[in-house]
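User: I'd like to learn how to read salt bridges and sheets in a model. Can you walk me through this one?

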Amino acid sequence: MQLRIIHTTGYEYDGKAVTSYNEARLTPQTSPEQIVAHTRLDITPTPWTHTYRDYWGTQVTSFEVLDPHDALTVQAQATVHTNRAPLPPPTLAWEDLTEPGVADVHTEFLMLPDLVAPPEDLVTRVDAIRAEATTPGDAARAVCALVHAEVEYIRGATEVTSRAAEAWEQRGGVCQDMAHLAIGGLRHLGIPARYVSGYLHPSAEPEVGVTVAGESHAWIEWWDEGWHAFDLTNAQPISDRHVVIAAGRDYGDVRPLSGIFAGARTSRMFVEVEVTRLA
């Protein structure tokens, strides 16, 4: 599938911001299942920029605006070809998770900071899954199914800084919360898991040439002799409708736009995503 994404985001200030320092993680990754044919990043006001790859392999554009401005706009455009294989069957056995090639190599994806740490009642449910699962891969799917069944997608129910435990307690949240909950459950079982950000065409059968409103999306990957990706919100493996931007330990590693400013007191963030199937 060939998709065009136009992601426009930024800030409007209550006055003049005199300086602004930011990082944008808005450039899709190229992989065997996702080829980026074109990408462009436009920033207004025109800033000084520097592009690099961070520790997790994500392309980052850092930029600074040193002239007074009352708004900052970042528009990322990309054309991406996707061709994803079906989710492979489980490979690793439970005892394989303690081997250095898994536990040591992926130790950063086994940590349980407060943001993703599962609450006690979720731990109990996850432990019950572990007792019945033949392989870590089977357990991973079951944990994903549990989170999807228990947590309702409710826009605005949480903040980007909300802990997974808060979403579990109220049984409501967004894709970020579901991803954090599943990551916490999998890491509790010793299964390396990471957070993935990107886009999803909202239509199950996208019509060629029709532009639709989209949004940033999040899902997870767990390690099973390779990264296995699963969309918690839609309870399915990722498909050709998904476009990967970044992967990291949690949302903090993949924030689309982050930074600081001086001068104005407050700011309002705006986001608009358009997705078009080209072929």
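User: Is arginine 163 buried, partly exposed or exposed?

Analyst: Before that, some ground rules: this is a predicted model, where local features need pLDDT of at least 70, side-chain atom pairs count only at pLDDT 80 or more, and totals for chains, interfaces and linings use all residues. Residues are numbered from 1 along each chain as its sequence is written, and side-chain values use heavy atoms, with hydrogens and water left out. Buried means under 20% relative accessible area, exposed over 50%, and partly exposed in between, using a 1.4 Å probe and protein chains only. Arginine 163 has 36% relative accessible area, so it is partly exposed.

User: Which residue meets the side chain of arginine 163 in a salt bridge?

Analyst: Side chains of opposite charge can pair when their charged atoms come close. The cut-off here is a side-chain nitrogen of Lys or Arg within 4 Å of a carboxyl oxygen of Asp or Glu. For arginine 163 the partner is glutamate 166, at 3.4 Å from N to O. Glutamate 166 is partly exposed too, at 33%.

User: Which residues are joined into one network by salt bridges that share partners?

Analyst: Those are Asp121, Arg125, Glu150 and Arg171. Take two of the pairs. Aspartate 121 bridges to arginine 171, with the closest N and O atoms 4.0 Å apart. That pair links distant parts of the chain, 50 residues apart: aspartate 121 sits in helix 2 (residues 120-132), and arginine 171 in the loop between helix 4 (164-170) and strand 8 (172-173). Helices (H or I, at least four residues) and strands (E, at least two) are DSSP runs, numbered from the N terminus. Glutamate 150 pairs with arginine 125 at 2.9 Å. Since glutamate 150 is in helix 3 (residues 136-150) and arginine 125 in helix 2, this pair ties together parts 25 residues apart in sequence.

User: How many salt bridges does a search of the whole structure find?

Analyst: The search gives 13.

User: On to sheets. What is the strand order in the open sheet of 5 strands?

Analyst: Strands of a sheet pair through backbone hydrogen bonds, either parallel or antiparallel. Two strands count as paired if DSSP finds at least two bridges between them. In this open sheet the order is 3-6-1-16-10, with antiparallel pairing. Strand 3 (34-44) and strand 10 (211-214) are the edges, each pairing on one side only.

User: How many bridges join strand 3 and strand 6?

Analyst: They pair over 10 bridges, in the antiparallel sense, with strand 6 covering residues 69-82. To spot the register, find valine 36, which stands opposite valine 80 in strand 6.
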